[in-house]
Amino acid sequence: MIDHRQDRALLGLAMTAGGFTRALLCPSLERITADGDAAISQEENVLAAASFAEAVDVPAAEVAALPPRGDWLRYCDRRGHAPVLLLLRRGSTSPTDATRIAEVVFNDHAARVGLAEVRSALRRRNAILSGVETMTHIGIWQVGLTSGRTSWSDETYRICGIDPSEATPSLDDAIALFPEEVRGLVRNYLDDAIEQKSGFNFVLPFRRADGVLRTVRSVGYVVTDDDAEDYLFGIIQDVTDEREAQLHLWWTANHDTLTGLPNRMLWQERLSHALEMAQKRNQAVGLILADLDHFKSINDVYGHEAGDEVLKAVADRLTAHMRQGDTLARLGGDEFAIIVNELAEPDDLERPLQRLVSAANVDFGYRGTAIPVTLSLGAAVFPRDADDARELYRNADLALFRTKADPQRRGTLYDPRYGLEQEGREKRVRLIREAIDAQEIVPCYQPVVHLGTGRPACVEALTRWRDGERLLDVSAFPTAFEDAELAPLLGLTLIDQISRDWRIMRAELGDVPALSLNVSLRQLQNLSFVSAINRMLDEGVVKGPDLILEVKVDPLASLSRHVRPAFLQLLKRGVSISFDSLVSGVSVLVEPGALAVRQIKVSWAAIEQSEEKGRAGPVIRGMIDTCRNLGIELVACEIETQEELRRVRGMGFRLAQGFQFARPMRFDVLLGWLRQVEPVASER
């Protein structure tokens, strides 16, 4: 039985119109329990059950009469998914009228059931839609373009921070929730959609009624309902969290996590944009590259944590000394880049470069230790120095290399001549690197001998390039030992092999001669190289007093604050210095300075030039006397003949080096020479 007020009213009307004394509407057998407020008799219950049993004989999709039962007329409606019965107790109505009344009841009942199902489905759909809105933070709204009527879903109210019990805001009220700076943009989106009967889609900042700033996405379009009224229908979604996640992901992909600066990818994008704008505006753009000197050594000496702190401090210092609006990026490792935008003239880059140069030397405190840090800078300007971003970077890098090649410089502007120099350098770098990788760079050794005994005073280590059976002097590449990149690399390669050779020599001979390392100023300016020499002492390869560093000029004045402590540590450990030129030797004798000078070498060409009537000239005589008084060894070099040997001995030289005694030799040959060494011929 159905317990709907409308059904009872309909049955009452049918009974009155047809003169029936009783009417029962039975939608299903299970529901035959009550008829409104009146109880069903046992007779009626049995009758209904029997009628449902007979209803199966009624053809589907039809309304038909069942055979009467006593005083009851029975009708069955099979048009629905389940049979419906109408039981009418006989009255004065004819069977024809009774059938018509039954059809009216069945039709009305079917209509109301269908409507109830539609409403039920609508409620279910609304419940589902409400759940989806809540889960996705999507609200629905619409406004009639003629009537102005608006309707919002509960989620729309929640997103806007408005109580659903309040009156629905108008479209203008909703637009007013957007910040003033984007309000006009929202109005334009909606007006365009209304005018063109199209859609809109935007993501903008949004201020809720309670003042909280969020970000929303709104998507919608114009629709026409059954009454021919146009509606602006849309959704609104709070995408604040999504937007923040996207921004975080974008930031992570485009920034250096250590310093927070733009990374290489974002830098390239901004540089390309800056060059494009400069072309349109007839302006110039500068690029300044900054590189930390000896950063690897900082990591080696102080640890990677200290290195990270130095990088962050350098980023802060560069930021403080650059113009607002310019871009500072960390390209990787210890390399930084500054894009200097909107220069009226190419020469205008000089001033920003000098501001950064003024910040290029600084001590950074780390756990109570002052870490000296220097920066080298190189700069180029578009379009004067380059036609595109790649060429601009290349030329700024060439200027940076020029800075690194001159210890007195901190910043350099690009000059076209650097490109030609770079081509030759790149060729040399490639050849030397290939030789190092192929293990073709090897040490050879040449002794300095006592003229009185013929015994070695020390053994000088020289760099040679093994080409098959030949040993080539690397000095054939004159700039190899003055190159900031190649010189330390060559030196470290030699130190590894010399250390191995000296361990073997000590194991086989017991006693070893003093070792003289021929080093360049560029090598001594590299902390990794100087630290490697200190490690030789730490590991017992050679003792400090038995190690001589042979140089051309006094290196102290050219050492950075970063390298100087490590070099001075060598001197404290007894390492001494040898000067291999007459000019440097004279300078040292005039102003001894802080170096522990052990030797001064003078070439045979300089000795011969100073001779006067077969005797040492005043310069050589003065050097010999002064060196003896100061305890400095004076060495005659490049002595190749017996005659030259006789003459330098006659002048008073006590030490000499040259082919007359021994040519530069491989280590195995040196071992044999040391075992068999005899006094020089004139002393036998």
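How many cavities of 30 Å³ or more does the count come to? In this predicted model, the count comes to three.

The largest of these cavities has a volume of about 200 Å³. Its lining is made up of 20 residues, and those nearest the centre are Trp141, Leu171, Ala174, Phe178 and Ile236. Several elements give two or more residues to this lining: strands E5 (138-144), E6 (150-152) and E7 (199-207), together with helices H4 (154-160), H5 (171-175) and H6 (180-196). Sorted by class, the lining of the largest cavity holds 15 nonpolar and five polar residues, with no charged residues.

The second largest cavity comes to about 110 Å³ in volume. Here 14 residues form the lining, and Thr463, Leu494, Ile498, Leu517 and Asn518 lie nearest the centre. At least two lining residues each come from strand E17 (456-467), helix H14 (486-509) and strand E19 (514-518). Helix H14 provides the largest share, five residues. Charged residues are again missing from the list, as the lining of the second largest cavity divides into 10 nonpolar and four polar residues with no charged ones.

Leu517 also turns up in the contacts of a core residue. Leu549 touches Leu517, and its other contacts beyond four places in sequence include Val519, Leu524, Ile533, Phe567, Leu570 and Val575. The run Ser576, Ile577 and Ser578 is touched by Leu549 as well. Leu549 belongs to the largest nonpolar core, which has 75 residues; along with Trp502, Phe567, Phe653 and Leu670, Leu549 is among those that touch the most other members. A second core, separate from this one, has 34 residues, including Ile288, Leu311, Leu356 and Tyr366.

Attention now turns to strand E14, which spans residues 369-382 and is mostly covered, with 12 of its 14 residues buried. Which strands pair with E14 in the antiparallel sense? One is E10 (residues 284-292), joined to E14 over eight bridges, with Leu287 having Ala380 as its bridge partner in E14. Another is E13 (residues 361-366), which pairs with E14 over six bridges; in E14, Ala370 stands opposite Gly365. E13 and E14 make a hairpin with two residues between them, and Arg367 in the turn shows a positive phi of about 50°. Strand E15 (residues 411-413), by contrast, pairs with E14 in the parallel sense over three bridges. In that pairing, Leu413 of E15 lies opposite Ala379.

Note on methods: Residues are numbered from 1 along each chain as its sequence is written. This is a predicted model: local features need pLDDT of at least 70, side-chain atom pairs count only at pLDDT 80 or more; totals for chains, interfaces and linings use all residues. Side-chain values use heavy atoms; hydrogens and water are left out. A nonpolar core is a set of buried Ala, Val, Leu, Ile, Met, Phe, Trp, Tyr and Cys residues joined through side-chain atoms within 4.5 Å. Buried means under 20% relative accessible area, exposed over 50%, partly exposed in between (1.4 Å probe, protein chains only). Contact means heavy atoms within 4.5 Å. Helices (H or I, at least four residues) and strands (E, at least two) are DSSP runs, numbered from the N terminus. Two strands pair if DSSP finds at least two bridges between them. On a 1 Å grid over the protein atoms alone, a cavity is a set of points where a 1.4 Å probe fits but cannot get out, and a pocket is an open set with protein on both sides within 12 Å along at least five of seven lines; lining residues have an atom within 4 Å of a point. Grid points are joined across faces, edges and corners, and a volume is the space filled by probe spheres set on the points. Ala, Val, Leu, Ile, Met, Phe, Trp, Tyr, Cys and Pro count as nonpolar, Asp, Glu, Lys and Arg as charged, and the others, Gly among them, as polar.
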